[in-house]
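Visitor: Please take a close look at one part of this structure, a pair of packed helices, and then place it beside the sheet.

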Amino acid sequence: MKRIISIQSHVVYGCAGNSSAVFPMRRSGMDVLPINTVQFSNHTQYAEGWKGMVMPAGQITELVQGLENIKVLGTVDALLSGYLGSAEQGEEIVAAVEKLKAANPNAIYFCDPVMGHPEKGCIVAPGVSEFLSTKALAAADVIAPNLLELETLTDRVIHNLDEAIEACESLIAKGIKMVVVKHLSRAATSTEKFEILLVTAKGAWLANRPLYEFAANKQPVGVGDLISGLMLANLMAGFEPVIAFERTNASVDAVLAETFKQNAYELQLILAQDAIANPVIAEHAKQVK
Ligand SMILES: Nc1ncnc2c1ncn2[C@@H]1O[C@H](COP(=O)(O)OP(=O)(O)O)[C@@H](O)[C@H]1O
Ligand SMILES: Cc1ncc(COP(=O)(O)O)c(C=O)c1O
Ligand SMILES: [Mg+2]
């Protein structure tokens, strides 16, 4: 069984961060070790706000040390990071990646560069975007931005698929092994489908899934965290990148379809759990470069 440390937010109610990714990764057969960057009542896109706290400085480092003390750190196959409570937590994560790779040189770092953005509504502490664009990017093996995050990481405005591929290739040229663009949004080839992109040194692949008409102020949150968690789980399960990409897209579609069917705001992970574990691929990814 592959083992993944997942360093993300925890929300008491609903799905975001670890509360969106841990159960699906476990349901996909992974042994997941969650480290929470924050403990919030709910995600930060509720109009009513949220309660809770950012985990104290040093907490990530202390917990990783605890894993090393009991000789578990060397058995970990991957570290996934997502929503950060502070830029200082990012520094602790990069140090944890270095410690992990010293204990297991085959381990990989999968970074979901969750950034706040007025267009998106997600609220993230100051300095996090700058950290993600520099030190996290330098340490990551796989990175999974949405379009806005990809633009920030590559300091460019992206208008279409070709420009999105070029932006990903610029990250590959810097040493990133794989880029998953979780949402092509305005750079997508069609407005009728929800499109995602996989780019590696071997090429670029486009996948899509149906668009569900959620109410404007009730767009489910935690989808990116779900995509990143399932992509990593599928890679750890041994699927080739394109197959992992297709399986992830199929599982995420099943979750969104169930969420839409239930007219829910929070992702319906439990109702869709069988499709998480055993996705049915409706349409294969198309190689676009
Ligand atoms: N199949 C779908 N149909 C409609 N909306 C979707 C679908 N999948 C994801 N979304 C919405 O698209 C947005 C994706 O957010 P974005 O910030 O672009 O990436 P992410 O949040 O996944 O990191 C979210 O509002 C999510 O609810
Ligand atoms: C606490 C928390 N964690 C994680 C996220 C990331 O969610 P998404 O996967 O939609 O980018 C958000 C977004 O608002 C959030 O508020
Ligand atoms: Mg996101």
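Guide: The helix pair comes first, then the sheet.

This is a predicted model, in which local features need pLDDT of at least 70, side-chain atom pairs count only at pLDDT 80 or more, and totals for chains, interfaces and linings use all residues. Residues are numbered from 1 along each chain as its sequence is written, chains are lettered from A and ligands numbered from 1 in the order in which they are written, and side-chain values use heavy atoms, with hydrogens and water left out.

The protein chain averages a pLDDT of 96 (the predictor's confidence in each residue, from 0 to 100).

Helices α2 (residues 59–69) and α3 (residues 87–103) have axes 8 Å apart, at an angle of about 20°; helices are DSSP runs of H or I of at least four residues and strands runs of E of at least two, numbered from the N terminus. Axes are lines fitted to C-alpha atoms, for helices over the stretch in contact, and angles run from 0 to 180 degrees between N-to-C directions. The angle makes α2 roughly parallel to α3 (under 35 degrees).

From α2, Gln59, Ile60, Thr61, Val64, Gln65 and Glu68 meet Gln89, Glu92, Ile93, Ala96 and Lys99 of α3 (contact means heavy atoms within 4.5 Å).

The open sheet has 10 strands with mixed pairing, in the order β3-β2-β1-β4-β5-β6-β7-β8-β9-β10; two strands pair if DSSP finds at least two bridges between them. Its edges are β3 (52–54) and β10 (286–287), each with a single partner strand, so one side of each lacks a neighbour in the sheet.

Conventions:
Angles under 35 degrees count as roughly parallel, over 145 as roughly antiparallel, 65 to 115 as roughly perpendicular and the rest as oblique.
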